[in-house]
Amino acid sequence: DQFYPAVKCVENNRGGTTGLTTAMAATAAGGGKRKRKERGEPPRDKGVSVVLPGEEVVLPVEGNIVLGPGIRRVGGDKAVASKCGVLRTRGSGAFWIDTSSRRAVPATGDEVIGTVVGKSGDVFSIDVGSARSATLNFLRFEGATKRNRPNINIGDLVYCRVVAAGKDIEPELSCVNAQNKSGGLGKLEGGYMFRCSSGLCRSLRSRQSPILAALSPHVAFEIVAGLNGRVWVKGEAPQDTIFVYNALKNSEHMTAAVSEAFVKQLMTKMPLG
C-alpha cells in the first residue's frame, strides 16, 4: 500500500498552470490553503526564492562568499545557478541550491555512501551513483598501513567523504578526517541500503527530521544518509530494518503530525521484531 502520495504541478514556459484556467488555479490555491490550515500545517514561506539554470544569483558586495552545489561563477563577482531549485543561504556568505534529484553529482566535502565495485593495486573503485566511479586508497582508513590493510571486498558498502571532485577528474574519497580518525566513516556492516532523492537524504540528516522523531520512541536502529541519494539503515532485527525502511521511503513530504500518524498506522500492519 502507498500512503500520502505526492502531487506534482507542471507549469508552462510562460509561468501559467498547464491545463487550468486562472479561476481554476485560484480555486485550487484557496483549497490548498484551507487544507493546510485544517491539517495544522504552517503557511508556506512566501520569501522562498526559486531559481532556474542560467539565472543570475545576487551575491553580497562585501564579506567572504562560499558557493555551494548548484551555483558557479561566470567571471568576476557574477554567479549563476546551474540547476533548478530553491536558493538557500547560511549567514551572509554561504549560498547553495537546494534541489531534489536522483542523479548524484559529488562535491568536495560531501559525505556519500558507495559500493566497492573493483580494486586495482592500492586503490578501490567505488560506485557513488555519479557518471564516473570514485577512487578510494586503502590508506584512507583509520589505522591502515601497508602491512595492516582494511578488510574491504567487492560488494561492500563504505561511508566516505569526498576530498576532491571536479568535472574533469574522478572523485577522490576518504574514510578519515583531518585528524586521521574515522569519525563515523568507514565500512558499513550488515543493514540495508536503498536509493532515494537527494531532498529526502538532506531531510534525514537534519536534527529536526520529523520521521526520525516519530520512529525513535518505537524502534532502535542505526541510520546513515549520504548526500548522493543513498540511505543505509540497520535495526536490531530484520523486521525492524524492514519497518524503518518502509517508514523512511514514504516520508519525503510528510510533516511532523502526519509522520507520527503514519508510523502508528504502519505499526498495526508490520509488527516489530
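Here are some notes on a few spots in this structure, which is a predicted model.

1. Start with the small sheet. Three strands make it up, in the order S14-S16-S15; the sheet is open and its pairing is antiparallel. S14 (192-195) and S15 (221-225) are the edge strands, and each has a single partner, so one side of each is left without a neighbour in the sheet. On average, neighbouring strands here are turned by 20° against each other, direction ignored.

2. How are S14 and S16 joined? There are 4 bridges between these two antiparallel strands. If you want one pair to look up in the viewer, take Met193, whose bridge partner in S16 is Trp232. As general background, strands of a sheet pair through backbone hydrogen bonds, either parallel or antiparallel.

3. Now look at Arg230, which belongs to strand S16 (residues 230-235). Is this arginine buried or exposed? Its relative accessibility is 3%, so Arg230 counts as buried, the cut-off being under 20%. The side chain of Arg230 reaches the backbone oxygen of Asp127, at 2.9 Å. Residues up to four places away in sequence aside, Arg230 touches a list of residues that includes Ile113, Gly114 and Thr115, then Asp127, Val128 and Gly129. Met193, Phe194 and Arg195 are also among the residues it touches, as are Cys201, Val224 and Ala225.

4. Thr241 is worth a click too. This threonine sits in helix H4, and with 12% relative accessibility Thr241 counts as buried. Which residues does Thr241 contact, leaving aside neighbours within four places in sequence? They are Tyr192, Val233, Lys234 and Gly235.

5. Helix H5 covers residues 256-269, which makes 14 residues. From first C-alpha to last, H5 reaches 20 Å, close to the 20 Å expected at 1.5 Å a residue. Its buried residues are Val258, Ser259, Phe262, Val263 and Leu266. Why do they count as lying on the same side of H5? Because they cover an arc of only 135° around the axis. Ala257 and Thr268, on the other side of H5, are exposed. As for the cover over the buried residues of H5, it includes helix H3 (210-215) and helix H4 (238-249).

6. Next comes Lys187, in strand S13 (residues 186-188). With a relative accessible area of 27%, Lys187 is partly exposed. Its side chain has two polar links to look at: one reaches the backbone oxygen of Asn151 at 3.3 Å, and the other is a polar contact of 3.3 Å with the side chain of Asp156. Where does Val158 come in? Along the chain Val158 is 29 residues from Lys187, yet their C-alpha atoms are separated by 4.3 Å. Setting aside neighbours within four places in sequence, Lys187 is in contact with Asn151, Ile152, Asp156, Leu157 and Val158.

7. Last, a backbone point to check. Asn180 is in the loop between strand S12 (169-174) and S13. This residue has a positive phi of about 60°, although it is not a glycine. Most residues other than glycine have a negative phi. Is Asn180 buried or exposed? With a relative accessible area of 56%, Asn180 is exposed.

Methods:
Residues numbered from 1 in each chain as written. Predicted model: local features only at pLDDT ≥ 70, side-chain atom pairs only at ≥ 80, totals over all residues. Heavy atoms only, no water. Buried < 20%, exposed > 50% of the residue type's maximum accessible area, 1.4 Å probe, protein only. Polar contact = N/O pair within 3.5 Å; in protein donor to acceptor, adjacent residues only side chain to side chain. Contact = heavy atoms within 4.5 Å. Expected span 1.5 Å × (residues − 1). Arc of directions from axis to C-beta. Pairing = 2+ DSSP bridges. Axes fitted to C-alpha atoms, helices over the stretch in contact; angles between N-to-C directions.
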